[in-house]
Amino acid sequence: MHVRKRTTCRVCGSASLKPVISLGPQYLQGSFVKPGKEMPSQRKINCSLVRCNPQEDENGCGLLQMEHSVPPKFYMLLTGTGAVPMPP
Ligand SMILES: [Zn+2]
């Protein structure tokens, strides 16, 4: 699993991302064991939030977002509902 650290905002592309909170390495949530299927990843991923900072970049949008991206193969993101596992 290739986890990518964001250096720009997902919405506006601003490079001004301000750290908000870090919970340290955490297991990927919502990855369930399914009979006959491959085990979900046991890898821990840095769980931290950053905010697109309009105080440093006047075009910044203020979006609060995860600092790291997990490939869509492992998660499907739905706006307003959090992350849910991809259907088989
Ligand atoms: Zn932004």
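This passage describes the strands of a predicted model and the setting of one cysteine within them.

The protein chain contains zero helices and seven strands, so a reader scrolling along the sequence meets the pattern β-β-β-β-β-β-β. Buried residues account for 6% of the 88 residues in the protein chain. Turning to contacts between residues at least 6 apart in sequence, 57% of them link residues at least 24 apart.

Three of the strands form an open sheet, arranged in the order 2-3-4 with antiparallel pairing. Strand 2 (17-27) and strand 4 (64-66) are the edge strands, each pairing on one side only. On average, and with direction ignored, neighbouring strands of this sheet are turned by 20° against each other. Strand 2 and strand 3 (residues 44-52) run antiparallel and are joined by eight bridges. Along this pairing, Pro 25 stands opposite Asn 46 of strand 3.

Strand 3 also holds Cys 52, a residue that rewards a closer look. Is Cys 52 buried or exposed? Cys 52 counts as buried because 24 other C-beta atoms lie within 10 Å, where the cut-off for burial is 20 or more. Leaving aside residues up to four places away in sequence, Cys 52 touches Cys 9, Cys 12, Ser 14, Ser 16 and Leu 17, together with Gly 60, Cys 61, Gly 62 and Leu 63. Val 11 offers a further reference point: its C-alpha atom and that of Cys 52 are separated by 9.1 Å, with the two residues 41 apart along the chain.

Conventions: Residues numbered from 1 in each chain as written. Predicted model: local features only at pLDDT ≥ 70, side-chain atom pairs only at ≥ 80, totals over all residues. Pairing = 2+ DSSP bridges. Helix = DSSP H or I, 4+ residues; strand = E, 2+ residues; numbered from the N terminus. Axes fitted to C-alpha atoms, helices over the stretch in contact; angles between N-to-C directions. Buried ≥ 20, exposed ≤ 12 C-beta atoms within 10 Å, placed from the backbone. Contact = placed C-beta atoms within 7 Å.
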